[in-house]
Amino acid sequence: MDISREELFALIWEKPTVEVARDMGISDVAVAKLCARLQVPKPPRGYWARVEAGQAPRRPPLRAFREAIEERRKVLARPRPRPGAVSLSPIQRKFIDQALQEFVAKGGDLGTIKVISNQIRDIPPEIATQLLLLIQNRYLVWVKNGDVDVALSHGVRQSLAGLVDKMLPVAKPQVLVLPRADRSFDEDRKEPSILIQLTAHLQERIAQLAMLVREQKLAHVVMPLVTLDHAWSAHHVYSSENYTTAVSQLCVSATELWVDCTMTAPHYRGAETETFKTEKVALRYIMPIDLMPSKEVEIPPVIGRVRIRQHWPRLRALIEAERVHEMLERSTYALERDIPDDQIAIADRIWFEGDHPMLNARRAWERLSDEMERWGEEIEAERADLCCTILGIALGDVLVQSHKGKVTRIQVFRTSMNITVNRSCFIVEGPRFRKDGTAGKRTETIWIDF
């Protein structure tokens, strides 16, 4: 279809997809495919209900292809450090010398590692990992015992943080860095990250847990991380004295992993605890392909009634739930025009003493709005699960589809359903396999009509 990205973006944010499809003379599924191909963002669920309620939801900018290409060019053009070599400042050199001394004392073999002037060279990733973990866990003890002759000032901590940043690229094949998911972007606040030593044994264990999740149809499983498997990044904490203990749990789903961490402050600070989650990482990016067994499922472009028939009661219940949810969602956002604003809700403390009817109305509307959002998430989860059930697939499986002599093979990463009055469409997304059989970085979407 001869339409520019800018024209499609203007249309898709001007009116609902069904109306755009009718004006263009195509189906709403075809419009969704066109948006995916041209990388045009679509309005999220509930957007048009908010518009009808008189709100003005935020509209994201249309990012040009040229910007994406230019960003990629800049990333590729960045100078890369010499493999296995790290430049050191005088302070960093002291910490490296102490780490090397302890590594050898514990029976480690330095091999071809050389420390020349202000540079440490020829560091294998596995030894860089050991040095990094030693620095993370022992630097306070070294300073306290005088093994490293420095005062732990702000400048020394900054230098140590720089050393960690320099060591990470060398240790990257052996270390997985998981930053805090809800981290702040305020420069004055440094958030913790988790560093995991990604050994072959741990990779095998993660693969076993991922298979357990798939076979038992679990959301995820949890495995405790011991001290030797993880450490704090010095770049992300004020001081290790802030947190005396950290209990970390590795969480593994069928396709992702992340860490739940609980930190406990020293007793003189009242034994405060803080719990946070790290960002999620797709297993396909960190696991060897032979450790991620998955079955291949061949799916035709169109699903017949025979396959749908046994799931029809559940599908009909989903359609009804979506209809009721949409009706209640429209009513909820329409109510906002009649709900008192925050200033009036606070002022009614003066007007109505203990009853606070306006404040209670505001709180009731907020609870109702949160409930609508939660219900929407549950419906989306049911859509994804029903799609997997009807198609006979699971997250992590390889989906194969032949259409007009063209074979598409993707690893299932996300599933959903698009249900309209007259038709249903199953949506499966995931990284597409290259011709040589390896998983690529390109994400493909397969649409199966009913």
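**Exercise 1. Find where Gln 39 sits in this predicted model, then describe its backbone.**

Solution. Start with the location: Gln 39 lies in the loop that links helix 3 (28–38) to helix 4 (47–52). Now turn to the backbone: phi of Gln 39 is near 60°, a positive value in a residue other than glycine.

**Exercise 2. Place Asp 122 in the chain, give its phi, and decide whether Asp 122 is buried, partly exposed or exposed.**

Solution. First, Asp 122 belongs to the loop between strand 3 (119–121) and helix 7. Next, its phi is near 55°, again a positive value in a residue other than glycine. Last, the relative accessibility of Asp 122 is 30%. Buried means under 20% and exposed means over 50%, so Asp 122, at 30%, counts as partly exposed.

**Exercise 3. Work out which residues have the most contacts inside the largest nonpolar core, and which helix gives the largest share of this core.**

Solution. The largest nonpolar core holds 31 residues, and Phe 95 and Ile 120 have the most contacts inside it. Helix 6 (90–105), helix 7 (125–145) and helix 8 (154–171) each contribute at least two residues to this core. Helix 7 gives the largest share, nine residues. Keep a second, separate core apart from this one: that core has 26 residues, including Leu 209, Leu 225, Val 252 and Val 259.

**Exercise 4. Identify the residues of the negative surface patch that includes Glu 377, and classify the exposure of Glu 377.**

Solution. The patch is made up of Glu 366, Asp 370, Glu 373 and Glu 377. Glu 377 is in helix 13 (residues 357–391). Glu 377 counts as exposed because its relative accessibility is 51%, and the cut-off for exposed is over 50%.

Technical notes
Residues numbered from 1 in each chain as written. Predicted model: local features only at pLDDT ≥ 70, side-chain atom pairs only at ≥ 80, totals over all residues. Heavy atoms only, no water. Patch = residues over 30% accessible without salt bridge, like charges linked within 9 Å, V, L, I, M, F, W, Y side chains within 5 Å. Areas by Shrake-Rupley, 256 points an atom, 1.4 Å probe, with all protein chains shown as cover. Salt bridge = Lys/Arg side-chain N within 4 Å of Asp/Glu carboxyl O. Lys, Arg positive; Asp, Glu negative; His and termini not counted. Charge placed at Lys NZ, Arg CZ, Asp CG, Glu CD. Helix = DSSP H or I, 4+ residues; strand = E, 2+ residues; numbered from the N terminus. Buried < 20%, exposed > 50% of the residue type's maximum accessible area, 1.4 Å probe, protein only. Core = buried A, V, L, I, M, F, W, Y, C linked by side-chain atoms within 4.5 Å.
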